[in-house]
Amino acid sequence: MGKAAVFALGLVLFVLALPESARAQAKASAALDRDRVELGDTFTLRVLVSGVQVAPERVNFAAWQNQIPTDNIRSRSEWMRSGGQWVQRFTLLALDSATLSLPPLTVHLHLNGTIRTNPLQLTVTAPGASSDIRDMDSIRDIRREQALWYDHWPWGVGALLVIIVLGWYFRRRQRQAIPVPPAIPLAPPPPSAREVALEKLAALQREKPWLKPGGMPEYYATVSLIVREFLERQYDIPALESTTREIAGLLQGSNLPDAQRPTLDFLLQQADLVKYAETVPHKNFHEQVLEKAKQVVGAS
C-alpha cells in the first residue's frame, strides 16, 4: 500500500473518531405558520438553527426590508433550546397585498460566524370590501399556538435553583448567626396597562402620522393595536387574536364601564373599516378617534 493510500486511510479514521459535535455543521432554516395571510393579519416566523452548542446572536432582516420592514416585526422571543436545535419565534404584520418571494435571512452566530436560511414564499391578499362590520367577522383567523412542555423548561430549572439556594441558606443559618442585611429599597412597580396605553396614544398625538403621505391606514391599525393590547392586559382576554364582535362577547361580565362599551365598539369598527375595507374617514375624525381611545383607556 502506497504512502498516499495510507495517509488517506488515516485521515478517514481520524474524522470518524471525532465526536459527533466536532463533525456537526451549523445549519439554519426558516418556516412560516402559513403561506397565505390577509392584509392586516399577523403571522409567525420560526428560525431554527442546528449544529451549534451556543445560542445564535441574532437574525438579520435586512434582506426583507423592501418587502417586510423591521417596523412590522411586532414581537420576538428569546432563543430556546428544542431538542438539538435553537428556535426563535417572530410575530410579523402584513400591510401590503402581494405575493412575496422572501430571500434567505442571515443568522449571526456566536464568535462572528454567519449562516443563511432557506427562502420563503408568502401571499398577502386583500379582504373583500364591506360597509357592514359584521361581514368581516371571519377576517382575523389567528390561532394561539399550542404550548409545549419544553417551551417552559427554563422556569422549571429556575424554580429548582431557587429551592436549592433556599435550602442551603436556611441550613447555614441554623449553624451560625447571620447579620441582618441592610434594607434594600423596593424597585418601583412596573407601569400599569392604562399608563402604557395612554403613553403610546400621547406619542401618536404628538407624531400625527395621519398627516404623512400614506400614513392613515397604519395610524388606524396602530390605534386598534394599542387598544387591543390594553384590553388584553387589563381584562385578561385574548383581544389581539379576536375580532371586534368576539371582543364584545369576551368583555361581558368585566368591569368595563357600560358607558364606554358603545365607544369601544365604534372605535374598533372604524379602525377595521379603514384597515380592511379601505374606508377614508373625514380628516376631522382622525383626532376624534384618538380622543375616544383615551376615553376607553382612562375610564377602565
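1. Let me start with the aromatic cluster: F61, W64 and F90 are linked by ring pairs. Please keep in mind while reading that this is a predicted model. Searching the whole structure gives seven aromatic pairs, and two others are worth a look.

2. One of these pairs joins Y219 and Y220, in an edge-to-face arrangement with 5.1 Å between the centres and 75 degrees between the planes. Y219 and Y220 are both buried. The other pair is F230 with Y235: the ring centres lie 6.4 Å apart, which still falls within the 6.5 Å cut-off for a pair. The planes of F230 and Y235 stand at 85 degrees, so this pair is edge-to-face as well. F230 is buried at 1% relative accessibility, and Y235 is buried too, with a relative accessible area of 12%.

3. Now to the second largest pocket, whose volume is about 350 Å³. Which residues sit closest to its centre? They are L95, D96, G214, P217 and E218, out of 17 residues in the lining. Sorted by class, the lining holds eight nonpolar, five charged and four polar residues.

4. Which helix gives the most to the lining of this second largest pocket? That is α5, with four residues. Helices α5 (216-235) and α7 (261-276) each supply at least two residues of this lining.

5. On to the strands, beginning with β3. Strand β3 (residues 42-50) pairs with β1 (residues 27-32) in the antiparallel sense, over six bridges. β3 is also joined to β7 (residues 85-93), again running antiparallel, by nine bridges. V47 is a handy residue to click on here: V47 of β3 is the bridge partner of A30, and in β7 the bridge partner of V47 is Q88.

6. Next comes an open sheet of three strands with mixed pairing, in the order β2-β11-β8. Why is one side of β2 and of β8 left without a neighbour in the sheet? Both β2 (36-38) and β8 (98-102) stand at the edges and have a single partner strand each, so one side of each stays free of a sheet neighbour. On average, neighbouring strands of this sheet are turned by 25 degrees against each other, direction ignored. The pairing between β2 and β11 (residues 120-125) is parallel and runs over three bridges. To find this pairing on screen, look for V37, whose bridge partner in β11 is V124.

7. There is also an open sheet of three strands in the order β4-β9-β10, and its pairing is antiparallel. Here β4 (58-60) and β10 (114-116) are the edge strands, each with a single partner, so one side of each has no neighbour in the sheet. Neighbouring strands of this sheet are turned by 30 degrees against each other on average, direction ignored. Three bridges hold the antiparallel pairing of β4 with β9 (residues 106-108), and in β9 the bridge partner of V59 is V107.

8. A closing reminder for reading these sheets: strands pair through backbone hydrogen bonds, in either the parallel or the antiparallel sense. In a regular strand, side chains alternate between the two faces of the sheet.

Methods: Residues numbered from 1 in each chain as written. Predicted model: local features only at pLDDT ≥ 70, side-chain atom pairs only at ≥ 80, totals over all residues. Heavy atoms only, no water. Pairing = 2+ DSSP bridges. Axes fitted to C-alpha atoms, helices over the stretch in contact; angles between N-to-C directions. Phe/Tyr/Trp six-rings, centres within 6.5 Å; stacked < 30°, edge-to-face > 60°. Buried < 20%, exposed > 50% of the residue type's maximum accessible area, 1.4 Å probe, protein only. 1 Å grid on protein atoms, 1.4 Å probe; cavity = no way out; pocket = protein on both sides within 12 Å on 5 of 7 lines; lining within 4 Å. Points joined across faces, edges and corners; volume = space filled by probe spheres on them. Nonpolar A, V, L, I, M, F, W, Y, C, P; charged D, E, K, R; others polar.
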